[in-house]
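Hello,

Here is the structure I promised to pass on to you. Please have a look at it first, and then read my notes below.

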Amino acid sequence: MNRKTLRIALPIASVTLFLVGWSLYVRTAQVSAFVLPPPEAIVAALSTMLFDPDLWSHTLVTVIEALSGFGIAVGLGLTLGFTMARVPPVEWALKPFVVLLQLIPKIALAPLFILWFGFGLESKIVIAAALAFFPIFSNALQAFKSVDPGDRDVFVMLQANPLQRFVLLDFPNALPVILTGAEVAVVLAMIGAIVGEFIGGNQGLGYLAVAHLQNLAVAELFGVIVVLTLVGLVFYTVIGQLRALLTPWHVSSDRNRAP
């Protein structure tokens with residue numbers, strides 16, 4: 001069995017084994033469905049929910065919040081990371097604030113963001129951006145600092161202007177590391193949007209999960225969790241595909257791994 005087949009077969013086998021074990025445990029231990037419903041009950045509830053337009057409208061809201069926050073984090077993280085890497089006094093002045101901001105639990109700031117930005121999409125986007133910012137920023141800062149000085153000297157000798165150096169040297173060199181941070185950041189953006197909806201939302205998958213919990217619809221609650229997981233998996237997979245597409249030359253690309 002080759003590597004490609006194993007990469008497909010092993011995840012399917014492990015997930016199937018997990019679900020079978022879950023179902024057997026619930027039935028043999030006689031666990032209440034209000035505590036832990038069996039997988040088949042969740043699948044049945046999710047099958048019904050998929051035909052409900054409300055589920056898709058709530059999903060769209062969460063996707064918009066997460067992607068908007070992720071986009072803001074990418075823009076700010078790359079800009080600040082590049083500036084601090086190229087202008088040391090800016091790094092000396094701003095890095096303590098950036099680190100302190102990262103050390104503050106974002107969950108504790110979420111109620112303040114809702115107070116400042118309201119109960120609409122804006123507060124959820126800000127929370128998502130706050131959670132996603134640091135992986136992008138820290139990876140960008142280190143990546144832009146890691147450009148080989150010899151390569152930089154070559155561009156100076158060729159009299160390349162700053163834009164040419166950024167497009168042809170700095171950004172391609174940093175891109176693999178930035179995409180690694182993006183894989184983490186896009187998941188954190190999703191978490192940030194959900195947290196905001198938990199605390200002060202009237203729409204989105206986080207709000208829908210709380211509504212099902214209040215109604216003791218546990219199977220439907222798990223159904224929402226499955227949808228959240230799938231959306232996060234799609235985001236993560238897209239970033240991974242971008243890595244393969246944009247950096248096929250890098251050692252982290254699947255194309256450069258041994259079969």
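To begin with one residue: is Val234 buried, partly exposed or exposed? At a relative accessibility of 47%, Val234 counts as partly exposed, because that value falls between the 20% limit for buried and the 50% limit for exposed. Please keep in mind that this is a predicted model.

Val234 sits in helix H10, which covers residues 218–246. Together with Val238, Leu242, Leu245 and Leu246, Val234 makes a nonpolar surface patch of about 420 Å². As general background, an α-helix has 3.6 residues a turn, so residues three or four places apart point the same way.

Next, the charged pairs. Side chains of opposite charge can pair when their charged atoms come close. The structure holds four salt bridges, and I would like to walk you through some of them.

One of them joins Glu40 and Arg27, with 2.1 Å from N to O. This pair links distant parts of the chain, 13 residues apart: Glu40 belongs to helix H2 (residues 39–49) and Arg27 to helix H1 (residues 3–28). Glu40 is partly exposed, with a relative accessible area of 35%, while Arg27 is exposed at 54%.

Another is formed by Lys145 and Glu91, whose closest N and O atoms are 2.6 Å apart. Lys145 is in helix H6 (residues 121–145) and Glu91 in helix H4 (residues 88–103), so the salt bridge ties together parts of the chain that are 54 residues apart in sequence. On the Lys145 side, the relative accessibility is 37%, which counts as partly exposed. Glu91, in contrast, counts as buried, because its relative accessibility is 10% and the limit for buried is 20%.

What does Glu91 touch, leaving aside its neighbours within four places in sequence? The contacts are Met84, Pro96, Leu141 and Lys145, so the list includes the salt-bridge partner described above.

A further salt bridge is the one between Glu183 and Arg243, with the closest N and O atoms 3.2 Å apart. Glu183 comes from helix H8 (residues 162–200) and Arg243 from helix H10, so parts that are 60 residues apart in sequence are tied together here. Both Glu183 and Arg243 are buried.

Helix H9 (residues 205–214) also caught my eye. Which of its residues are buried? They are Leu205, Gly206, Leu208, Ala209 and His212. These residues cover an arc of only 160° around the axis, which means that they lie on the same side of H9. The partners they pack against are H2, helix H3 (53–86), H8 and H10. After H9 comes Leu216, which has a positive phi, near 60°.

Finally, a word on annotation. The UniProt record, an unreviewed entry, places the feature "domain: ABC transmembrane type-1" at residues 59–243. In the model, the chain over residues 59–243 is 89% helix and 0% strand, and the C-alpha atoms at the two ends are 26 Å apart.

If you open the model, you could start at the patch around Val234 on H10 and then go to the buried pair of Glu183 and Arg243. I look forward to hearing what you think.

Best wishes

Technical notes: Residues are numbered from 1 along each chain as its sequence is written. This is a predicted model: local features need pLDDT of at least 70, side-chain atom pairs count only at pLDDT 80 or more; totals for chains, interfaces and linings use all residues. Side-chain values use heavy atoms; hydrogens and water are left out. Patches are made of residues with over 30% relative accessible area and no salt bridge: like charges are joined within 9 Å, nonpolar side chains (Val, Leu, Ile, Met, Phe, Trp, Tyr) within 5 Å. Accessible areas come from the Shrake-Rupley method with a 1.4 Å probe; for residues, only the protein chains shown count as cover. A salt bridge is a side-chain nitrogen of Lys or Arg within 4 Å of a carboxyl oxygen of Asp or Glu. Helices (H or I, at least four residues) and strands (E, at least two) are DSSP runs, numbered from the N terminus. Buried means under 20% relative accessible area, exposed over 50%, partly exposed in between (1.4 Å probe, protein chains only). UniProt positions are given in the numbering used here, feature names are shortened, and annotations may be inferred rather than shown by experiment. Contact means heavy atoms within 4.5 Å. The arc is that of the directions from the helix axis to the C-beta atoms.
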